[in-house]
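Thanks for making the time this morning. I would like to walk through a few elements of this chain with you, so please keep the sequence and the structure open while I talk.

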Amino acid sequence: MSVIKVTVKWGREKLENVEVDTSQPGIVFKTQLFTLTGVSPERQKVMVKGGTLKDDADMSKLGFKEGQSIMMMGTAGELPKAPQSQMVFVEDMSDSQLAQALKLPAGLTNMGNTCYMNATLQCLRAIPELQGALTKMPETMGNNGRANLAASMRTLFEGLDKSGDSLPPLVFLQVLRGVFPQFAEMDNHGFMQQDAEECWGQIVQVLGENVPGLTREGEANKDKHFVEQYMSGELLTTMTCDEAPEEVNTSIESFNKLSVSIGAGVTTYMLTEIGKGLIEKIEKNSPTLARSAVYTKKSKISRLPAYLALNFVRFQWRADINKKAKILKKVIFPHDLDVSELCTLELQEKLRPAKLRLKEVEEEKSTARKAKKAKLDNGTASAADMMEVDAPSSSSTSPADALAEVEKMKEIGVDRSLYEDVGANVSGQYELVAVLTHMGRAADSGHYIGWVKRDGQWWKFDDDKVTQIAPEEIEKLNGGGDWHSGKRKVIVRFVLV
């Protein structure tokens with residue numbers, strides 16, 4: 001690796017001691033300048049010997065010298081919109097254009113042990129409201145690296161929506177490593193494998209700081225943050241001293257994930273372990289006893305987010321081998337999850353109307369499916385009966401749809417505090433929409449894959465390889481061996497009908 005330091009002149013600014021890795025192509029240097037200036041690579045004109053720097057330029061042949069001054073031109077801001085493309089007929093389409101027209105999901109290129117990041121991003125794309133909220137961010141971010149990370153995610157997601165081919169997440173990766181240097185850790189073989197759980201947590205933290213909240217109509221709400229609304233819940237926590245029961249403290253704590261510990265038995269049941277995790281013993285100083293004492297901490301959910309992330313704690317430290325080891329026991333998880341029993345009694349009562357309505361809807365659907373099957377069996381099915389189309393998900397909500405949703409909740413008796421809380425789950429019922437798995441036994445090696453449900457169909461995102469799979473394949477991700485073990489799940493709310 002040949003690294004030198006140069007000075008970059010950009011307008012009235014002078015960026016000194018900028019590192020240039022001449023063994024990398026020009027796009028890498030451009031993305032580095034993007035992190036420093038906020039000017040996207042496609043808007044940059046970097047003056048080098050022979051003209052402007054090309055994305056695929058061989059930097060080792062451009063004669064860069066230590067301390068050299070380089071001029072860059074370009075402004076941060078929205079690119080001019082391209083002219084509308086001409087109509088293209090199906091028979092004239094390339095494979096990429098055909099995939100885009102058919103709305104086939106695009107994958108992400110592995111940039112060298114970046115499967116942990118690729119799988120994390122694909123699971124986050126399972127939240128359509130997030131993509132809508134990202135578009136409400138300011139177009140220019142300047143030198144704020146954390147804001148640029150959220151902005152580069154917006155650009156990447158927009159590219160994936162428009163592309164029929166896999167994309168290299170180069171700009172996002174460069175900004176991620178600039179903001180969180182631990183993801184740039186290297187050994188003799190190059191960039192090292194990282195933990196998807198840590199990647200998820202850091203990205204969600206950045207989104208919580210920079211992505212604005214939404215109104216019921218889908219407009220930006222600057223008084224709220226998206227993660228606070230749609231991905232964070234609240235716990236009502238009671239702390240009681242075991243030796244002095246009269247000493248009781250109550251507090252409200254926020255969370256953006258619930259942990260699932262792996263039990264001692266052959267098989268772990270997810271909901272049971274979540275409940276166990278909400279009761280724990282803590283040792284701290286007791287004002288009543290004037291000494292250290294053991295407290296029992298009990299928590300109940302007092303607010304449910306629209307999207308609930310569950311983390312399977314599969315890695316634990318083993319002192320005998322001085323490294324993290326993986327727990328290979330099975331964890332049974334459902335496609336549909338009812339978490340109302342983990343909630344406070346007050347919240348359970350508020351969730352009841354929507355929960356009962358959803359049960360009625362499911363019974364109606366079940367009756368319709370049986371009737372349809374009977375028609376198919378006796379040969380009396382019509383063309384409409386033979387078609388089954390899922391309503392596509394959308395990142396935007398019209399004012400009329402938003403008003404209709406509120407009116408529907410009022411009609412079935414949903415508590416006002418719930419339907420006025422944008423981004424809250426109002427029923428306690430969840431549907432599985434994404435799973436992030438790890439294959440292998442070591443935390444610092446192996447391979448990560450994202451499994452995402454889009455418009456009623458499950459897709460496997462193995463970096464740039466995207467394949468359609470049956471729902472039954474998801475049930476095999478419960479662990480119990482060296483094959484895929486669920487690390488994290490993102491679960492989406494039911495829609496009231």
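Let me begin with the buried residues of α10, which in this predicted model are Leu347, Leu351, Ala354, Arg357, Leu358 and Val361. If you ask what covers the buried residues of α10, the cover includes β15, residues 291-303, together with α12, residues 416-419, and β21, residues 429-439. The helix itself runs over residues 345-378, which makes 34 residues, and from its first C-alpha to its last it reaches 49 Å, close to the 50 Å expected at 1.5 Å a residue. There is nevertheless a bend in α10 of about 40° at Arg352, with a proline, Pro353, following within four residues. Just after the helix you will find Gly379, which takes a positive phi of about 80°.

Since β21 is part of that cover, let me stay with this strand for a moment. It is mostly covered, in that nine of the 11 residues of β21 are buried. Which strands does it pair with? On one hand there is β20, residues 336-338, which pairs with β21 in the antiparallel sense over three bridges, and here Asp336 has Glu431 of β21 as its bridge partner. On the other hand there is β22, residues 447-454, which also pairs with β21 in the antiparallel sense, over six bridges; in this pairing Leu436 has Gly450 of β22 as its bridge partner.

From β22 we can move to another part of the chain by way of Gln194, because this residue, buried at a relative accessible area of 7%, falls under the 20% cut-off, and its contacts beyond four places in sequence are Tyr116, Gln182, Phe183, Glu185 and Tyr448. Gln194 sits in the loop between β7, residues 190-191, and α7, and its side chain reaches the backbone oxygen of Gln182 at 3.2 Å.

That loop brings us to α7, whose N-terminal end is capped by Asp195, with a side-chain oxygen 3.1 Å from the backbone nitrogen of Glu197. How far apart are the end C-alpha atoms of α7? They are 21 Å apart, and this agrees with expectation because the 15 residues of the helix, 196-210, should span 21 Å at 1.5 Å a residue. As for burial, the buried residues of α7 include Ala196, Glu197, Cys199, Trp200 and Gln202, and further along Ile203, Val204, Val206, Leu207 and Asn210.

Technical notes: Residues are numbered from 1 along each chain as its sequence is written. This is a predicted model: local features need pLDDT of at least 70, side-chain atom pairs count only at pLDDT 80 or more; totals for chains, interfaces and linings use all residues. Side-chain values use heavy atoms; hydrogens and water are left out. Helices (H or I, at least four residues) and strands (E, at least two) are DSSP runs, numbered from the N terminus. The expected span of a helix is 1.5 Å times one less than its number of residues. The bend at a residue is the angle between axes fitted to the seven residues ending there and the seven starting there. Buried means under 20% relative accessible area, exposed over 50%, partly exposed in between (1.4 Å probe, protein chains only). Contact means heavy atoms within 4.5 Å. A polar contact is a pair of N or O atoms within 3.5 Å; within protein, one must be able to donate a hydrogen and the other to accept it, and residues adjacent in sequence count only if both atoms are side-chain atoms. Two strands pair if DSSP finds at least two bridges between them.
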